[in-house]
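Q: I have a structure in front of me and would like to learn how to read its strands and its core. Could we go through them together, one feature at a time?

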Amino acid sequence: MSIQLNNVSKQFGDVVAVNNVSFTVQEGELLGLLGPSGGGKTTVLRMISGLELPTSGDILIRGQRVNDISVQQRNIGFVFQNYALFKSMNVFKNVAFGLKIKKWKRRDIKNRVAELLELLGLTGLEKRFPHQLSGGQRQRVAIARALAPQPSVLLLDEPFGAVDAKIRQELREWLVRLHSDLNVTTLFVTHDQEEAMEVSNRIVIFSRGNLEQIGTPREVYEEPANEFVARFIGVMNVLDATVKGGVARVDELEFPAPERRDGQQLRIGFRPFAVQVAPDPTTYRYPGIIRHTFFLGILMRVEIELPSGLIIRARMTKEEYAQLGLHEGQKVSILIRSYRILRGEDEPLSPEVTAVDKGPGAYGADI
Amino acid sequence: MMETDTKLLRRGGDTKSQRGTEESPFVKGVLITIALSFVVVFLLLPLMNVFWQSLSRGVRVYWESFVDPDTRSAIKLTLLIAGIAVPLNLVFGLAAAWATAKFNFKGKPILISLIDLPFAVSPVVAGLLFVVLFGRQGFFGEWLADRNINIIFAVPGMVLATIFITFPFVARELIPVMEATGTEQEQAALTLGASGWQTFWYVTLPSVRWGLLYGLILCNARAMGEFGAVSVVSGHITGQTDTMPLRVEKLYQSASAASMTAAFAVASLLALLALVTLVIKTFLEWRTQREFDLAQRAVPEAPVLAPSIQISSRSS
């Protein structure tokens, strides 16, 4: 394994930024640290780099405990959110900096820098200064600079945060390709769940300093460990229900919950893709009216109001929507194909996925 | 700029010759006249007069003013004092700016206000502070006398007074520059294996170089031109503790026609220093502003297709 965190905590004064976090990163893995801002993900990244020291717990890189090893000696490459390029140096000198510090021979430095600039598509920009580069170019220079001294781990803090939306998509695909090319263990921080899902081999989800879940994109989407993860990854309908006679009820909706006692409050969640819509008010059990539809590219989001006033979000492809002949104001009926009982933000969730009806595509990629 | 604006408005058929927020041409004219006449009467004329007076008896007399050994010694002493005070202030300014810009600690606002103290204190008072400390009757007076160390009415006292007077210049210039730069570049250098010293030398110093130079130029001008504080601690020993400003005063007060010219000659040297300082200062301001503008200007995004092609061609 490449990196290991054992019960790592970090406090800034009274604020607990990271709370007793443990996880392991495999050699060559591309791992996303995901969470809302203030979740502690950047602090974790900085502790691995050595820019912050943990208040307690151990950090191991390739089996060696690095708590007492300085930033300089950890052999990591760090890409800062705003790139932190050396403003007074041109592209060549920026990339060569780490090699110069390591006292590489001049010729070797020249070759290594040329190699990296070619790899990152920056050839010809050697003499440019950071202020003469576009955002995407600056970022690639920052990555080249971090990679130059052949680090054992590459750490990226919000790598696409400062780039505009159009470029982001290209950069993501590009990062995945770069990673599979170089095969260096890579950790990146993001607050964008879509970005994390698309790019990572595995995702670590943080909230308020706690590690909520670690798993592949599919795992965290399909088997969220708790309500936080379920709501943070993708979209979810979340309802508070009360149990009566083995059934959790929210207005007219009923969800079987056989092992729960009467009067218990349950939080129920289901994905918009688990909602089946029929263009007839009698096809399924619950009638409703389409209040709004939103066009999301190839997907449609449909908001259905039930007679009690409850709003349920459903999703379908544009084609499905057209086939069913749906439109705003239409009377429809819905079926909830599957749902989850989410208990509380902090409590672990028992794997109770109750499929009412195993329709096709009960778990689509719903992001 | 404003004129063309007005012209454009006129051409556009607008009868009003000004924007709603602009003053009338009369007020504009009066304000410009007042400002200009102040500059001419209080700055330009006296300055020209210095050069005029110093050259009034010919270039030869002007040059001869500098042959006088006492004047030469004053010039040498001025250079010596500036040569000690400016480097020391460079070190102090860098340390103070680094400490205040990169770290948070208790009493930081107090330190920043204290740096400004020499600007607030009258130079004469500053000089007296050192007399009270190191003079014969001063706090350390006896101790120093026992060891035969002269500070007051000697060069060390003049150096101390000059350092006191000039120490805000470098720090004041650097603090905002360093605060604006932040610490990320330094952190990046650390992750690349650089030691603290290498980081300072290769990253911090180059990023503040123009601000630093600006501070040094101002510091130097003040160190060479300081009169009040230095006068109090100098003892006015001709040929020993006279700096250029003190020499000017002495020559002027001796009231012979020759020494009068010599006074203006030395003064012209100081005025020249001021002019050179001004030119460098303007250049540095332009330089820093330009760097700032360049840093602010966003370069349009280029598509990132190039690297993807590069990588795929490499892996195939």
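Q: In what order do the strands of the open sheet in chain A stand, and how are they paired?
A: Strands of a sheet pair through backbone hydrogen bonds, either parallel or antiparallel. In this predicted model, where local features need pLDDT of at least 70, side-chain atom pairs count only at pLDDT 80 or more, and totals for chains, interfaces and linings use all residues, 6 strands of chain A form an open sheet in the order β6-β7-β8-β3-β9-β10, with mixed pairing. Strands (E, at least two residues) and helices (H or I, at least four) are DSSP runs numbered from the N terminus, and two strands pair if DSSP finds at least two bridges between them. Residues are numbered from 1 along each chain as its sequence is written, while chains are lettered from A and ligands numbered from 1 in the order in which they are written.

Q: Which strands of chain A stand at the edges?
A: They are β6 (76-79) and β10 (210-215), each of which has a single partner strand, so one side of each is left without a neighbour in the sheet.

Q: In which sense do β7 and β8 of chain A pair?
A: Strand β7 (residues 153-157) and strand β8 (residues 185-190) of chain A are parallel, joined over 5 bridges, and Asp157(A) stands opposite Val189(A) in β8(A).

Q: Which residues have the most contacts inside the largest nonpolar core?
A: In soluble globular proteins, nonpolar side chains tend to be buried together. A nonpolar core is a set of buried Ala, Val, Leu, Ile, Met, Phe, Trp, Tyr and Cys residues joined through C-beta atoms within 7 Å, where buried means that 20 or more other C-beta atoms, placed from the backbone, lie within 10 Å of the residue's own. The largest core here has 114 residues, and Leu33(A), Ala144(A) and Leu155(A) have the most contacts inside it. Helix α4 (residues 135-147) of chain A gives the most to this core, with 6 residues.

Note on methods
A residue is buried if 20 or more other C-beta atoms lie within 10 Å of its own, exposed if 12 or fewer, and partly exposed in between; C-beta atoms are placed from the backbone.
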